Each structure stands twice: as structure tokens, then as C-alpha cells.
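Q: I would like a close look at a single part of this protein, followed by an account of how that part sits within its surroundings.

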Amino acid sequence: LLAAAATQSPAIAQAEGEIRNRRTAFNRALAAGNVRGIAPILADDAQLVTGADSMIVAGKAAQLAMWTEDLNGPKRRFYVRTPTRIRVSAVGPMALETGEWRGFQLSAKRNWASGDYVAKWRRIGGAWKLESETYMATACGGTFCPTKR
């Protein structure tokens, strides 16, 4: 087993590095408010489950519309994801990223949320693309806190 793992390590390390670079590019695009910078990182059928209310955003077009709204106007938001682990599958061209996220409103930093996330990546057409992301809010402030039902 150790010999098999050692022979796979360079490919796995390379895949992990590529995914980390894609996550960095995604974070930079969010910071710049650059929705076009996010588009090539998302798979066409990408799914996102939001952190507080578990709203499902299905498909690349729907996500780009959501990001356009979040990244523009007086309520502009800023989000950062910080991976803590990326596990590349030996079964197929996919990987699972886990980590922590934080978001806040630029004009009112009292409005914020943070928590944990999991993201599934798939190698499509030679590039790693986000296939799904699920967020869970574990702390919040201001209007980013969900209302009690």
C-alpha cells in the first residue's frame, strides 16, 4: 500500500495544488467583485447550498446571477473561503475540499457570518471546476443572522 501511495503522491499533490490555486482565484474574483472571474471555475451544473437558510442555487447561470447581486451595490458583500483539507479521489477525477468561510457587508461590517463548508471539485475538460458547495453558518452578526422561525 505504501508503494502505491508513493507512486500516486505527485499526481495527488499536483491536483491538490491546482485546486488550491482555483480556490485562490475564486477568492480574488470575489474580492474584486469580478463575476466573470468566477465563471470559468464553476461547472455548468454547479450547486450551492447557502449557510444559514439552506437556499439551493442550482446551475452556473443562477450562481452568477446571485454573485452579481451580492457583489454590487450599496450592500456589497465580501466572502473568503479558507481550505483546511483537500482530499483527491483515487477513484475518479474528483476531490473534496473542507474549510472555513467568512462573509461580511463592506458598508456595515457588523453584518457578518462565518462557518464551515465542504466543496466537491471535478476535473472537467482538463480543469478543476466547482461542482457543489455546502455552507453552514456557525456564527453571525447583524442582518446576516437568520430570523427565528
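Which residues does Ser114 touch, not counting residues up to four places away in sequence?

A: The model is a predicted one. In it, Ser114 touches Trp101, Arg102, Met136, Ala137, Thr138 and Ala139, once residues up to four places away in sequence are set aside. Ser114 itself belongs to strand β5, which covers residues 108-124. Its relative accessible area is 14%, and Ser114 therefore counts as buried, the cut-off for that class being under 20%.

The strand arrangement places these contacts in context. Strand β4 comprises residues 94-105, and β6 comprises residues 127-141. The sheet is open, has 6 strands and follows the order β2-β1-β6-β5-β4-β3, with mixed pairing. Its edge strands are β2 (56-58) and β3 (77-88), each of which pairs on one side only. From one strand to the next, the twist averages 20°. In general terms, strands of a sheet pair through backbone hydrogen bonds, either parallel or antiparallel.

Towards one edge of the sheet, β3 and β4 are antiparallel and are joined by 11 bridges. The two strands form a hairpin with 5 residues between them. Within this pairing, Val88 has Ala95 of β4 as its bridge partner. Towards the other edge, β1 (residues 42-49) and β2 also run antiparallel, here joined by 3 bridges. Leu48 has Val57 of β2 as its bridge partner. Helix α3 (residues 60-70) packs on the sheet, where it touches β1, β2, β3 and β6. The direction of α3 makes about 60° with that of β1.

Charged side chains add further links, and the whole structure holds 9 salt bridges. One of them pairs Arg23 with Glu133, whose closest N and O atoms are 3.0 Å apart. This pair connects distant parts of the chain, since Arg23 lies in helix α1 (residues 2-32) and Glu133 in strand β6, 110 residues apart. Both partners, Arg23 and Glu133, are buried. They also belong to a network of salt bridges that links Arg23, Arg81, Glu97 and Glu133.

A second salt bridge joins the side chains of Lys60 and Asp44, at 3.6 Å from N to O. Here too distant parts of the chain are linked, with Lys60 in helix α3 and Asp44 in strand β1, 16 residues apart. Asp44 has a relative accessibility of 63% and so counts as exposed.

The strand that holds Ser114 spans residues 108-124. Within that range lies Arg122, which forms a salt bridge with Glu131, the closest N and O atoms being 2.8 Å apart. Glu131 is buried because its relative accessible area is 17%, whereas Arg122, at 24%, is partly exposed.

Finally, the largest pocket holds about 540 Å³ of space. Its lining consists of 20 residues, among which Thr50, Gly51, Asp53, Arg77 and Tyr79 lie nearest the centre. At least two residues of this lining come from each of α3, β3 and β6.

How values were computed. Residues numbered from 1 in each chain as written. Predicted model: local features only at pLDDT ≥ 70, side-chain atom pairs only at ≥ 80, totals over all residues. Heavy atoms only, no water. Pairing = 2+ DSSP bridges. Helix = DSSP H or I, 4+ residues; strand = E, 2+ residues; numbered from the N terminus. Axes fitted to C-alpha atoms, helices over the stretch in contact; angles between N-to-C directions. Contact = heavy atoms within 4.5 Å. Buried < 20%, exposed > 50% of the residue type's maximum accessible area, 1.4 Å probe, protein only. Salt bridge = Lys/Arg side-chain N within 4 Å of Asp/Glu carboxyl O. 1 Å grid on protein atoms, 1.4 Å probe; cavity = no way out; pocket = protein on both sides within 12 Å on 5 of 7 lines; lining within 4 Å. Points joined across faces, edges and corners; volume = space filled by probe spheres on them.
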